[in-house]
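Me: I would like to go through a structure feature by feature. Please give the general idea each time, then the case at hand.

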Amino acid sequence: MNPYILFTLICALGLGTTVTFASSHWLLAWMGLEMNTLAILPLMARHHHPRAVEATTKYFLMQATAAAMLLFSATTNAWLTGQWDILQMAHPFPVTLVTLALALKIGLAPLHSWLPEVLQGLDLTTGLLLSTWQKLAPFALLVQVQPTNAPMLIFLGLASTVIGGWGGLNQTQLRKILAYSSIAHLGWMILVLQFSPSLTLMALVTYLVMTFSMFMIFKLNQSTNINSLAASWAKTPALATLAPLVLLSLGGLPPLTGFMPKWLILQELSKQHLPAIATVAALSALLSLYFYLRLTYAMTLTMSPNNLPGTAPWRLTPTQLSLPLATSTMVTIALLPLTPATSALLMGLWP
């Protein structure tokens, strides 16, 4: 792709998200979401492969459906209440509709079925954008309308944690596994959204850093399925040592960073007298942990044939930029001791 076109599309992505963040009017928020969608579509279809075109078409149809539902709910709310302010969603019908529209946009269960299929058809760089940046704007709107529809958020959160763990069990494609991982992590965030928005922000930031590390590791190893992970040791020995720690951090094991948000979310759910929901969420984390352990096993305990094409990359100087990966990997692994400072910082940003 032409660098000038790529730069324009990246700027449009940033502008769309910024417009949605800064808007208090539903039409402006909708416009920012549409800018986001239209900017990422050329990035998704840039390889001119039938699978990429199929994924782009599916993504466009899902986002167009969600945008139409969002616009209809905002118009209905304006008709019922006489105003377009995002923070003034009072009637239960438009609130329910806008919650479902935003859930469809970010891929919450049971509106999640498009996400694994779309992510499977993309390259890892565009998949990283879809799994991280594209979730920020709809999530910001969801945070603003969340206090008015608590039972639906609990249902969406529980369904996402269970289906996100269950759906990834029999997958062999890494991008589909990361898609189900995304669904499960978003479920944890939605569960605690109405009780502690600052804790949701912590879980979101932690998820973004961990997912960035995982996508970059797979991109550096040029891996797209579980079997290809067996050659990681011959290509990048140091990264093959740290990657299992990143995977276990995604699974939420102590003493890694991923344990921090899950621990605090379970604590908050217990404080809100919701022990059954906390138990189901904790058990669903075990499902996710299983397929993270599968990837760990494939990367560390499975050796590929030690032939010349497999060992040659180990002797060559790496040409890809590794500083962002090194930074995000260290944050993913070693941030747990700073939990009090992180909590205090996020409470200050978002009380």
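Me: With which side chain does the side chain of N221 make a polar contact?

Reply: Keep in mind that this is a predicted model. A polar contact is a pair of N or O atoms within 3.5 Å. Here the side chain of N221 makes such a contact with the side chain of S232, at 3.5 Å.

Me: Which residues does N221 touch, not counting those up to four places away in sequence?

Reply: Leaving out those sequence neighbours, N221 touches S232, K235, T236 and L239. N221 itself is found in helix 10, which covers residues 197–221.

Me: Is N221 buried or exposed?

Reply: The cut-off for buried is under 20% relative accessible area. N221 has a relative accessible area of 1%, so it counts as buried.

Me: At what angle do helix 10 and helix 16 pack?

Reply: The angle is about 135°, and the axes are 9 Å apart. Helix 16 spans residues 323–334.

Me: Why are helix 10 and helix 16 called oblique to each other?

Reply: Angles over 145 degrees count as roughly antiparallel and 65 to 115 as roughly perpendicular. The angle of about 135° is in neither range, and therefore helix 10 and helix 16 are oblique to each other. Helix 10 passes helix 16 in a left-handed crossing. On the side of helix 10, the contact is made by V209, M210, F212, S213, M216, I217 and L220. Helix 16 contributes P324, L325, S328, T329, V331 and T332. By class, this contact has nine nonpolar, four polar and no charged residues.

Me: What sign of phi do most residues other than glycine have?

Reply: Most of them have a negative phi. In this model Q222 has a positive phi of about 55°, although Q222 is not a glycine. Q222 lies in the loop between helix 10 and helix 11 (232–235). With a relative accessible area of 63%, Q222 is exposed. H273 is another residue other than glycine with a positive phi, near 60°. H273 sits in the loop between helix 13 and helix 14 (275–300), and at 68% relative accessibility H273 counts as exposed.

Me: Which form do most peptide bonds take?

Reply: Most peptide bonds are trans. The bond from A109 to P110 is cis, with omega near 5°. P110 is in the loop between helix 4 (92–106) and helix 5 (114–120). The bond from P254 to P255 is cis, with omega near 5°. P255 is placed in the loop between helix 12 (237–251) and helix 13 (259–271).

How values were computed
Residues are numbered from 1 along each chain as its sequence is written. This is a predicted model: local features need pLDDT of at least 70, side-chain atom pairs count only at pLDDT 80 or more; totals for chains, interfaces and linings use all residues. Side-chain values use heavy atoms; hydrogens and water are left out. Helices (H or I, at least four residues) and strands (E, at least two) are DSSP runs, numbered from the N terminus. Buried means under 20% relative accessible area, exposed over 50%, partly exposed in between (1.4 Å probe, protein chains only). A polar contact is a pair of N or O atoms within 3.5 Å; within protein, one must be able to donate a hydrogen and the other to accept it, and residues adjacent in sequence count only if both atoms are side-chain atoms. Contact means heavy atoms within 4.5 Å. Axes are lines fitted to C-alpha atoms, for helices over the stretch in contact, and angles run from 0 to 180 degrees between N-to-C directions. Angles under 35 degrees count as roughly parallel, over 145 as roughly antiparallel, 65 to 115 as roughly perpendicular and the rest as oblique. A crossing is left-handed if the near helix is turned anticlockwise from the far one by less than a right angle, and right-handed if clockwise. Ala, Val, Leu, Ile, Met, Phe, Trp, Tyr, Cys and Pro count as nonpolar, Asp, Glu, Lys and Arg as charged, and the others, Gly among them, as polar.
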